[in-house]
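Hi,

Here is the structure I promised to pass on. Please have a look at it, and then read my notes underneath.

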Amino acid sequence: MKKTSKTPQYIVGIDEVGRGPLAGPVTLCAVVCSAEFYKKLARYEGLTDSKKLTEKNREHWYTLAKLMKAEGLISFVVVSKSNTHIDRYGISASIKTAVVACLEKLEIDPLHTKVLLDGSLHAPAIYINQETIIKGDQKEKIISLASIIAKVTRDRYMVKIAKKYPVYGFDIHKGYGTKIHRDAIKKHGMSDLHRKSFCGKI
């Protein structure tokens with residue numbers, strides 16, 4: 001049986017956005033870097049949970065993430081599960097499937113990788129060196145970066161798709177259950193972007 005390295009060669013950070021909205025996908029991002037760059041990333045000031053950043057700052061970090069990827073310092077993948085997938089399988093199962101898909105797309109060796117996950121996320125058992133961290137998007141910079149990439153990706157999608165469904169204001173609330181959004185559902189009914197399993201009480 002192979003043994004894991006005492007010091008992982010790679011560090012992965014995983015986070016999700018869009019667990020609670022009434023419409024649109026749930027989106028996950030996995031960021032991977034060398035153990036050496038992980039230490040440098042930890043010193044990046046201003047890099048934190050996407051929810052604590054302004055839209056402008058999120059866009060700034062997203063641009064930096066793409067530059068870091070172009071320079072070979074990091075790699076990242078984004079996986080979204082649609083509202084129809086969520087309605088069919090449930091939000092928890094959809095997120096679990098997305099975690100697996102992210103890690104498969106990274107094509108990394110589980111035996112030499114440490115996976116850091118935010119909140120209640122878990123990686124497949126093959127990743128024996130994994131840690132789920134409460135508020136990990138605030139405590140671990142690599143998870144913070146994953147949260148920002150996922151958030152920007154999902155927000156951009158919701159802004160784009162809003163043109164197809166102008167009466168709902170997806171570009172404003174990104175599918176979350178604001179009063180404006182709930183009132184629009186009451187007036188116009190659900191679109192094919194809505195999570196029917198989330199809108200039953202409206």
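Below is what I found, starting with how far to trust the model.

This is a predicted model, in which local features need pLDDT of at least 70, side-chain atom pairs count only at pLDDT 80 or more, and totals for chains, interfaces and linings use all residues. Residues are numbered from 1 along each chain as its sequence is written, and side-chain values use heavy atoms, with hydrogens and water left out.

The chain averages a pLDDT (the predictor's confidence in each residue, from 0 to 100) of 95, and 97% of the residues score at least 70. Over residues 1-5 pLDDT stays under 50. Where pLDDT is low, the predicted coordinates should not be read in detail.

Now the helix α6 (helices are DSSP runs of H or I, at least four residues, numbered from the N terminus). Its 21 residues, 141-161, should span 30 Å at 1.5 Å a residue (times one less than the number of residues), and the end C-alpha atoms are indeed 30 Å apart. Of these 21 residues, 15 are buried (under 20% relative accessible area, 1.4 Å probe, protein chains only; exposed is over 50%, partly exposed in between), so α6 is mostly covered.

Two residues other than glycine have positive phi values. Glutamate 107, with phi near 55 degrees, sits in the loop between α4 (91-106) and β4 (113-118; strands are DSSP runs of E, at least two residues). Lysine 174, with phi near 60 degrees, belongs to the loop between α7 (170-173) and α8 (179-188). Glutamate 107 is exposed, at 72% relative accessible area, whereas lysine 174 is buried, at 13%.

Best wishes

Note on methods. Contact = heavy atoms within 4.5 Å.
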